[in-house]
Amino acid sequence: MHTIVLAAAPAADGGRLVPAALAGIALIVVLITYFRGHPFLSLTLGSLLVGAIAGLPMADTFDAFGEGFGKTTADVGALIALGAMFGKLLADSGGADQIVDTIVGRSRRALLPWAMALVGALIGLPMFFEIGLVLLMPVIFLVARRSGLSLIAVGIPALAGLSAMHGLVPPHPGPLAAIGTLKADLGLTLGLGVLVAIPTVALSGPLFARFAARWVDVMPPQLYVDPGEEQEQDAAEEGRKRPSFAVTLVTVLLPVVLMLGKAVADITLDEGNDLRTVLDDLGTPLIALLIAVVVAMFTLGLGSGMDRRAVSASTAESLPPIAGILLIVAAGGGFKQTLIATGIGDLVADWVKDSGFSVLLLAWLVAVLIRLATGSATVATVTAAGIFVPLVGTLDSGETSLLVLAIGAGSLFFSHVNDAGFWLVKEYFGLSVGQNIKTWSLMETVISVCGLVFVLLLNLVV
């Protein structure tokens, strides 16, 4: 396979390239929304259509898609796999329940929504949204029942924490894919993402929940026992116990600290400095997550009484569920590379430069449109990132990281009926479609808009 490079001249003129890009995106949208096609297949077919309409030889289209697919897999595949392993160990060991019980158990009734937002954010750091939601639902039900608070007042803050981490903070697939595509600094993006996520979660979680609970007042069902009760019974039979809160928290935050350490070292220490070299090595995403998984095997796995066979089974079982995510992200990379090979990216970049509009605002808008059309935050992120690749050369490191975050914020805008997460939340909470729109969908919109606002504010100082 030969390498596709950004050619000096596009495959066709703008009158043909723009319809090619629009047709490709439209095909992806129709296949995902109307025909219920898998995003992997939809992105692949969309890439081929773009190349065909743009006049790119089919062999070059195949090569471009393959190059993007492989490069994206190499950049983020191992990271997603390691993140899944870490999250599974956290759940199977009882560490996730320990975080939840400790934080919620020490909070007064008035502070419970804030505690639930913190729980959602901490659980959301290493876990995919769907896994975190399934893990937290019994806890949300229990806390609402014990406190007498509305299910919405307790649940929305937890969902806000989960969702904001999913869209803004690596090692989640969307942010990781955008970081790899746009060549952003992961440590810096992580640090800025946390800065954006904290006020965003506060506004879209506990504060928004006050209003949402008035619009929709539902109480939790009596179906769930205490969180972790069944797990504790199984653990007791096997002679296991939960890891302590301190040990669990340190383990969860370890990869975050390592990656942030690299970012700080790159800013404050001279190149060639021994300490900077060490921190750079430890903070490399693959190394940081690999260290975290190995440490978790001991602190969460063996430390909770799991034997070696149980630890091995936990890590192995984490991989099959992420196969679809890996394929979607990789196909998004293939679609991105096809856009680059046709010259569409250069055309968009030139238009953005001459338009006078904020690149961050335009990136957010593109992600919003793709999110509304496809329902997938990950598809919105990887597609929008690919469109804005040619602009990266005009941005510094901080602006590139903010571009990633603007796209991530846009990818969360107004979840509705074409989003699997919409139905997952609706069914768990027992809401009607209208109630779900008033709560979950609006919460996602608040996250998206607040995320953009804080990104634009950071752009004034970064």
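A residue counts as buried when its relative accessible area is under 20%. Keep that cut-off handy, because W364 has 10% relative accessibility and so counts as buried. The model you have open is a predicted one.

**Stop 1: the whole protein**

Start with everything shown as a cartoon. You should find 21 helices and zero strands. Now think about the 462 residues of the protein: 56% of them count as buried. What about contacts across the sequence? Take the contacts between residues at least 6 apart in sequence, and 81% of these join residues at least 24 apart.

**Stop 2: W364 and its partner**

Back to W364. Select it together with F413, and show both side chains. The two form an edge-to-face aromatic pair, with 5.8 Å from centre to centre and 90° between the planes. Where do the two rings sit along the chain? W364 belongs to helix 17 (residues 359–374), while F413 is in the loop between helix 19 (397–410) and helix 20 (420–429), so this pair ties together parts that are 49 residues apart in sequence. Is F413 buried or exposed? Its relative accessibility is 17%, so F413 counts as buried, since that value is under 20%.

**Stop 3: more rings**

How many aromatic pairs are there? The count comes to five. One of them is F208 with W215, so select those two next. This pair is also edge-to-face, at 5.9 Å centre to centre and 70° between the planes. Try colouring by accessibility here: F208 is buried at 9% relative accessibility, whereas W215 is partly exposed, with a relative accessible area of 46%. Then select F40, F65 and F69, which ring pairs link into a cluster.

**Stop 4: helix 9 meets helix 21**

Colour helix 9 (residues 186–215) and helix 21 (residues 433–459) so you can tell them apart. Their axes are 8 Å apart and the helices pack at an angle of about 145°. Which hand does the crossing have? Helix 9 passes helix 21 in a right-handed crossing.

Now show side chains where they touch. On the helix 9 side, look for residues including L192, L195, P199, L203 and W215. F208, from the ring pair you just saw, is in this contact too. On the helix 21 side, the residues include K438, L442, V446, C450 and F454. Sorted by class, the contact of helix 9 with helix 21 has 16 nonpolar, four polar and one charged residues.

While you are in helix 21, click on S441. How buried is S441? S441 has 0% relative accessibility, so it counts as buried. Leaving out residues up to four places away in sequence, S441 touches F414, S415, H416, F422 and N436.

**Stop 5: helix 9 meets helix 11**

Keep helix 9 on screen and add helix 11 (residues 245–268). These two pack with their axes 7 Å apart, at an angle of about 110°. That angle makes helix 9 roughly perpendicular to helix 11. The crossing of this pair is left-handed.

To see the contact, select L186, G187, L188, L190 and G191 in helix 9, plus V256, M259, L260 and A263 in helix 11. By class, the contact of helix 9 with helix 11 contains seven nonpolar, two polar and no charged residues.

**Stop 6: helix 3 meets helix 14**

Next, select helix 3 (residues 58–92) and helix 14 (residues 308–317). Their axes come within 8 Å and cross at roughly 130°. Helix 3 and helix 14 are therefore oblique to each other, and the crossing is right-handed. Zoom in on M85, K88, L89 and D92 of helix 3, then on V311, S314, T315 and E317 of helix 14. How do the residues of the contact of helix 3 with helix 14 divide? They split into three nonpolar, two polar and three charged.

**Last stop: T400**

Finish by selecting T400, in helix 19. T400 is buried, with a relative accessible area of 4%. Add I179 and draw a C-alpha to C-alpha distance: T400 and I179 are 221 residues apart in sequence and 8.7 Å apart in space. Which residues does T400 touch, not counting residues up to four places away in sequence? T400 touches L182, A184, V392 and L395.

Notes:
Residues are numbered from 1 along each chain as its sequence is written. This is a predicted model: local features need pLDDT of at least 70, side-chain atom pairs count only at pLDDT 80 or more; totals for chains, interfaces and linings use all residues. Side-chain values use heavy atoms; hydrogens and water are left out. Rings of Phe, Tyr and Trp (its six-membered ring) pair if their centres lie within 6.5 Å; planes under 30 degrees apart count as stacked, over 60 as edge-to-face and the rest as tilted. Buried means under 20% relative accessible area, exposed over 50%, partly exposed in between (1.4 Å probe, protein chains only). Helices (H or I, at least four residues) and strands (E, at least two) are DSSP runs, numbered from the N terminus. Axes are lines fitted to C-alpha atoms, for helices over the stretch in contact, and angles run from 0 to 180 degrees between N-to-C directions. Angles under 35 degrees count as roughly parallel, over 145 as roughly antiparallel, 65 to 115 as roughly perpendicular and the rest as oblique. A crossing is left-handed if the near helix is turned anticlockwise from the far one by less than a right angle, and right-handed if clockwise. Contact means heavy atoms within 4.5 Å. Ala, Val, Leu, Ile, Met, Phe, Trp, Tyr, Cys and Pro count as nonpolar, Asp, Glu, Lys and Arg as charged, and the others, Gly among them, as polar.
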